[in-house]
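User: Please take a close look at one part of this protein for me, beginning with a single residue and its surroundings, and then set it beside a pocket and some of the aromatic contacts.

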Amino acid sequence: MAPLPSTLLEPHTPPAVATEPHVIVRGERLTVWDSEGRSYLDATSGMLCTNLGYSQPRLVRAAARQMTELPFFASFAHRTTDVTLALAEDLARLAPLPMGRTFFANSGAEANDSAFKLAWYYHRCLGRHRRFKILSQERGYHGTTVAAGSATGLDFVHRGFGLPLPSYIQVPCPDPHSPLRQGLTEERFVDRLIDHLERIIAVEGPDTIAAFIAEPILSAGGVIIPPSSYYPRVQEVLARHDILFILDEVVTGFGRTGAMFATTEFGLSPDLITVAKGLSSAYAPISAVLVGRRVMNTIAEGSTSIGAFGHGFTYSGHPVAAAVAREALAVVVEENVPAHVRETAPTLLKGLAEAFHGEEFVRDVRGHGFLAAVTFVTGSGGRPEGEWGSQVMAEAVEHGLLVRAVGDTVIVAPPLISTTEEIETMVVLLENSYRSALAEAHSAQ
C-alpha cells in the first residue's frame with residue numbers, strides 16, 4: 001500500500017483515505033478560509049459549537065488574560081481556582097433545574113461519561129448496587145468514548161469496537177417518520193413508544209436501571225424532533241421507577257433552540273444536564289454536568305460512608321477554558337442571543353421550506369431554532385441510500401457553503417449570531433447546491 005498522505009489520524013474518517021485533508025486556516029465571524037485562500041460560509045457552526053462565530057474579540061482577550069494570570073492549576077485535593085469557582089456560580093444562576101453543584105470535564109462525551117458515573121454513585125449511596133444499566137435512544141448521539149459511545153445509537157460509532165457494552169440498552173427513536181408510526185396519529189405513536197419503554201424496563205428489571213439519557217432534539221442523528229408529549233410521558237415512567245433522567249444539552253444548550261436551555265423551552269425536569277459546545281463557543285475544550293439538588297444531596301450524604309467521588313480529569317475546570325466560558329456566557333446574556341435566535345429562526349425555517357417545497361426528491365424540511373434539516377427520499381433519483389446527503393454536502397463546498405450530512409439528511413445549524421441576511425444567503429447557496437446535485441442525478445438517469 002502506498003504511503004498515506006497525512007500524519008494525522010482524523011476523527012470520523014476512514015483511515016485508508018488517500019487524499020490530503022481539507023485544511024482550514026482562518027476564521028472571522030461566519031466565514032472560514034482554507035489553505036488555498038478559498039472562503040466558505042459556515043452553516044454548521046464548526047460542529048454545532050462555534051455559536052458566537054469565529055475570532056470573537058472578547059473571548060480571545062479572556063483567554064489571553066487568563067494565560068498570563070494563571071495558565072493552569074488542577075481542581076483536585078479540595079483545591080481549585082477562582083475562575084473555576086466563578087464559572088460554577090455563573091452556571092448555577094443560569095441553570096434550568098434546582099441546582100446542587102457543577103462537575104467540569106473537557107468534552108460532551110466526558111460530561112456524559114461523568115453523568116453515568118454520578119448516576120451509579122447516586123444509586124450506590126441509596127444501597128442499590130444492582131442499578132448500573134443505562135437506557136438511551138436509537139439514533140441518539142452522546143459521544144464516542146467507550147461509555148458515551150455505548151449510549152450513542154448510531155452503528156458507525158459501534159462498528160469495529162465491540163460496542164455497545166452489555167449494560168447499555170436502546171429504546172426506539174422518537175422520530176415522527178419512524179416505521180414504528182405506520183400511519184398512527186401522533187398520540188398513538190407516543191403510546192407505542194411508551195409501551196416499548198415500559199416493556200424494556202420490565203424485561204431488564206427496573207431495579208437494574210440507573211439512568212435514561214436523551215437529547216431534547218436528536219441532533220447528529222438527523223435533527224429528529226420528538227412529538228411534544230413524548231418526553232413528559234417518558235419522565236412519568238422514569239419517576240415511577242426512580243430512574244434518573246440525564247438530558248444531553250451538549251448541542252442545544254446556551255441558545256440554539258431560542259432559549260438558554262432546551263430544558264426550559266420544552267418544559268422538562270431532568271435530574272442532570274450535560275453541556276459542552278456552546279459553553280465556550282468551542283474556543284476552549286470544556287464541558288460540564290449540572291447536578292440537580294436531589295442527586296447532589298443524596299451523594300453528599302452517601303459519600304460519608306462510600307468515600308470520595310473517585311472521578312475526575314487533570315483538566316477539569318481548566319482555568320483558561322473556564323475564563324473563556326465565563327466570557328462566552330456573558331456575551332450570550334448581555335446580547336440576549338436566545339432572543340436573537342427566536343426572532344431570526346423563522347427566516348431559516350421558512351426559507352428552507354420555500355426553497356425545497358414540492359421537490360420530487362425531498363421528503364421533508366424541519367427545524368427548531370437554529371437547528372434545521374432537509375431530508376431527501378432514500379434511494380430516489382437513482383442514488384443509493386445516504387448519497388443524497390453526501391452529494392449535496394459536496395456540492396455545497398463548491399458553492400462556498402459548509403453544511404453537514406447524516407445519511408440522506410443535510411443539517412443546517414448556523415452560528416447563533418447569524419443575521420437575517422446571512423441566513424438568507426445560506427438558504428440560497430444550499431438550494432443552488434441541491435440544484436447542482438439534482439442536475440447530476442437527472443443526467444445519470
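Analyst: In this predicted model, T257 sits in the loop that runs between strand 8 (244-248) and helix 9 (262-265). Although T257 belongs to a loop, it is buried, with a relative accessible area of 3%, which falls under the 20% cut-off used for that term. Leaving aside residues up to four places away in sequence, T257 touches I217, T252, A262, E265, V341, H368 and G369.

Strand 8, which precedes this loop, also takes part in an aromatic contact, because F245 lies in strand 8 and F212 in strand 7 (residues 209-214), so that their pair ties together parts that are 33 residues apart in sequence. The F212 and F245 rings are tilted, at 6.0 Å centre to centre with 40 degrees between the planes, and both residues are buried. The structure holds 15 aromatic pairs, and ring pairs also join F356, F361, F376, W388 and Y434 into a cluster. A contact of another kind is made by R26, which lies over the face of W33 at 3.9 Å from the ring centre.

Turning to the pocket, the second largest one encloses about 1100 Å³ of space, and of the 31 residues that line it, S75, H78, R101, T102 and F103 are the closest to its centre. Strand 4 gives the most to this lining, with six residues, while helix 3 (82-94), helix 4 (108-125) and helix 10 (293-306) are among the elements that each supply at least two. By residue type, the lining of the second largest pocket divides into 16 nonpolar, twelve polar and three charged residues.

Key:
Residues numbered from 1 in each chain as written. Predicted model: local features only at pLDDT ≥ 70, side-chain atom pairs only at ≥ 80, totals over all residues. Heavy atoms only, no water. Helix = DSSP H or I, 4+ residues; strand = E, 2+ residues; numbered from the N terminus. Buried < 20%, exposed > 50% of the residue type's maximum accessible area, 1.4 Å probe, protein only. Contact = heavy atoms within 4.5 Å. 1 Å grid on protein atoms, 1.4 Å probe; cavity = no way out; pocket = protein on both sides within 12 Å on 5 of 7 lines; lining within 4 Å. Points joined across faces, edges and corners; volume = space filled by probe spheres on them. Nonpolar A, V, L, I, M, F, W, Y, C, P; charged D, E, K, R; others polar. Phe/Tyr/Trp six-rings, centres within 6.5 Å; stacked < 30°, edge-to-face > 60°. Lys NZ or Arg CZ within 6 Å of the ring centre and 35° of its normal.
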